[in-house]
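Work through the exercises below with the sequence and the model at hand. Each task is followed by a solution in steps.

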Amino acid sequence: MFQNFSVAINRRHFITGFGVGWVGSYLSVVIAACSSQASGNWQTIGTLDELKKKGQLLDKNSPLGPVMVVDASKTNLVAVNPTCTHAGCTVEWKGNAKKFQCPCHGAEYGIDGKVQRGPATEALRIYAAKIEGNSVLVK
Ligand code: FES
């Protein structure tokens, strides 16, 4: 009888230990995956080198949704959701005019995301942006 009790406890401890170990392993993988993409809520959108070369960064599949980062001036990064609020086209950055312009129906937005010209009536969503080392981060 004591032998069966001992076997039952050992089996229970084994199963409990296995479950805790599995959960611990799973969480460490999830945390490692998240920390490689983000620091806090900041998401890496690209590199400073890419931004300087192209004048903009576009990530349509970031965890935040579509994000466009432009270098509006030497010290002012602007990050927006580039989805036009009129009918969903992706806006383009017009650096010389310092505005976002929609190629579909001509809506225009300022660097603050506000509508400057219709047919859109709602502003683009703005994100905070910063540079860390050679990475461009957005949240
Ligand atoms: S979809 Fe942008 S103006 Fe219509």
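**Exercise 1. A hairpin**

In which sense do strand E11 (residues 129-132) and E12 pair, and over how many bridges?

Solution. The model is a predicted one.
Step 1: E11 and E12 pair in the antiparallel sense, and four bridges join them.
Step 2: for the register, take Ala-129, whose bridge partner in E12 is Val-138.
Step 3: the hairpin of E11 and E12 has two residues between the strands, and Gly-133 takes a positive phi near 65° there.

**Exercise 2. The sheet that contains E10**

Give the strand order of the open sheet that includes E10, and find its edges.

Solution.
Step 1: four strands form this open sheet, in the order E3-E4-E5-E10, with antiparallel pairing.
Step 2: strand E3 (56-62) and strand E10 (126-127) are the edge strands, since each pairs on one side only.
Step 3: E10 is joined to strand E5 (residues 76-80) by two bridges, and these strands run antiparallel.
Step 4: within that pair, Val-80 stands opposite Ile-126 of E10.

**Exercise 3. The sheet that contains E7**

Give the strand order of the open sheet that includes E7, and locate its edges.

Solution.
Step 1: the order is E6-E7-E8-E9, four strands with antiparallel pairing.
Step 2: the edges are strand E6 (92-94) and strand E9 (115-117), each pairing on one side only.
Step 3: strand E7 (residues 99-101) is held to strand E8 (residues 108-109) by two antiparallel bridges.
Step 4: Phe-100 stands opposite Tyr-109 in E8.

**Exercise 4. The largest nonpolar core**

Which residues have the most contacts inside the largest nonpolar core, and which strands each supply at least two of its residues?

Solution.
Step 1: the core has 25 residues, and those with the most contacts inside it are Val-69, Ala-79, Ala-129 and Val-138.
Step 2: strand E4 (65-73), E5 and strand E12 (135-138) each supply at least two residues of this core.
Step 3: take Ala-129 and set aside its neighbours within four places in sequence; the contacts left are Val-69, Leu-77, Val-78, Ala-79, Val-136, Leu-137 and Val-138.
Step 4: as background, nonpolar side chains in soluble globular proteins tend to be buried together.

**Exercise 5. The whole chain**

How many helices and strands does the chain have, and in what order do the elements run?

Solution.
Step 1: the chain has two helices and twelve strands.
Step 2: from the N terminus, the order is α-β-β-α-β-β-β-β-β-β-β-β-β-β.
Step 3: of the 139 residues in the chain, 22% are buried.
Step 4: among contacts between residues at least 6 apart in sequence, 36% join residues at least 24 apart.

Methods. Residues are numbered from 1 along each chain as its sequence is written. This is a predicted model: local features need pLDDT of at least 70, side-chain atom pairs count only at pLDDT 80 or more; totals for chains, interfaces and linings use all residues. Two strands pair if DSSP finds at least two bridges between them. A nonpolar core is a set of buried Ala, Val, Leu, Ile, Met, Phe, Trp, Tyr and Cys residues joined through C-beta atoms within 7 Å. A residue is buried if 20 or more other C-beta atoms lie within 10 Å of its own, exposed if 12 or fewer, and partly exposed in between; C-beta atoms are placed from the backbone. Two residues are in contact if their C-beta atoms, placed from the backbone, lie within 7 Å.
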